[in-house]
Amino acid sequence: MALTVGEAFPQVQLKYIPYDAAAADGCAAPQVLDTKAAFAGKTVVVVGVPGAFTPTCSVQHIPAYVSRAPELRAKGVDLIVCVSGNDFFVMSAWGKSMGVQDAIVMAGDANGDLGRATGLALDLAAVGLGAVRLTRFAAIVRDGTVAYVETEDDPTQVTVSGVDSVLAAL
Amino acid sequence: MAIEVGDTFPNAVLSYIPYDAANPDACGLTQQLKTHDAFRGKKVVLFAVPGAFTPTCSESHMPGYIAHLDDLKSKGVDIVACVATNDQFVMSAWGKANKVKDDILMLSDANGELGSAIGLFKGDQGPGVGPRRLARFAVIIDDLKVVYLGVETARGVSVSGAPAVLAKL
């Protein structure tokens, strides 16, 4: 089932390591982000990427969300979640490398639950990145309901999933 | 079935991003490494970890190998390599975070080819880190023959750590 505008964002449990300003280099314990509980009553931007530390993701896609997070907040966004099929340790390290701090929750979908629930799974075994990945997409979720969702036809490109497109749709 | 001492190390295709001294922050191109091509005629120390950037790996396992690099080389080791089922981008980034340069080859077994061939996948680690991870182990390979294999059976680093490997060289 694909993620569809007007329908509920599926309930899955992602994991993340909270940013800790007091111990920015520490390895904190992972926390669960339950999409149903965390998204209730909030405007949320979810950005899915095929992999942490990959050239497109690191160079073009997520840094723009970091630098323009204040614009998203100004348009009423309460929570920005970046998610991939990497685990939470990798997502946390990737966030640190981009200076994300607490602007974006860097969540792992290492077991592929979100990919299965949204139909946005991407099998990249053929290029050596493993089978449990997400395609590149962005979604706006208002109080648990999908208000915008676009996936990149070519996951190496950033167009409809980029921060400009999301800002225009808010 | 897991490999044993005396076995030929299996031929598997792994991927990695070569260290580029001129542009250490650049995103390099993925290269493939066939274990038999790369390890033939060489003495290799390969240590495997369940995951890049995990607390045990980053705080106690990898740093031991970095600290003992000269000792390993002085005992005739040609290649020190680290492998996990993280992809090559993650392995490369983890290497950069640990400043390994080209002293340690950061290899990816994202498709699980090596893990399947050597039978050393970890059991389910519980929700959230994915189902297919390598056990924590170290292996000494001399001209493709396994001469030492230390697999951790509990949390922590003992038989797979650099000191244990050094004692067997």
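## Nonpolar core

In this predicted model, the largest nonpolar core holds 94 residues, of which Cys82(A), Ala107(A), Val45(B), Leu46(B) and Val83(B) touch the most other members. The largest share of this core is supplied by α4(A), with six residues. In soluble globular proteins, nonpolar side chains tend to be buried together.

The surroundings of Val45(B) can be listed individually: when residues up to four places away in sequence are left out, Val45(B) touches Leu72(B), Val77(B), Val80(B), Ala138(B), Ile140(B) and Val165(B).

## Contact between chains A and B

The contact draws 25 residues from chain A and 23 residues from chain B. On the side of chain A that touches chain B, α2 (55-67) and α4 (88-97) of chain A each supply at least two residues, and α4(A) gives the most, with five residues. By residue class, this side of chain A comprises 14 nonpolar, nine polar and two charged residues.

## Residues with positive phi

Most residues other than glycine have a negative phi. Phe53(A), placed in the loop between β3 (43-48) and α2 of chain A, departs from this pattern with a phi near 65 degrees. Phe53(A) has 27 other C-beta atoms within 10 Å and is therefore buried, the cut-off being 20 or more.

Lys99(B), which is likewise not a glycine, has a positive phi of about 55 degrees and lies in the loop between α4 (88-97) and β5 (105-108) of chain B. Because Lys99(B) has 9 C-beta neighbours inside 10 Å, Lys99(B) counts as exposed, for which the limit is 12 or fewer.

Note on methods
Residues numbered from 1 in each chain as written. Chains lettered and ligands numbered in written order. Predicted model: local features only at pLDDT ≥ 70, side-chain atom pairs only at ≥ 80, totals over all residues. Contact = placed C-beta atoms within 7 Å. Helix = DSSP H or I, 4+ residues; strand = E, 2+ residues; numbered from the N terminus. Nonpolar A, V, L, I, M, F, W, Y, C, P; charged D, E, K, R; others polar. Core = buried A, V, L, I, M, F, W, Y, C linked by C-beta atoms within 7 Å.
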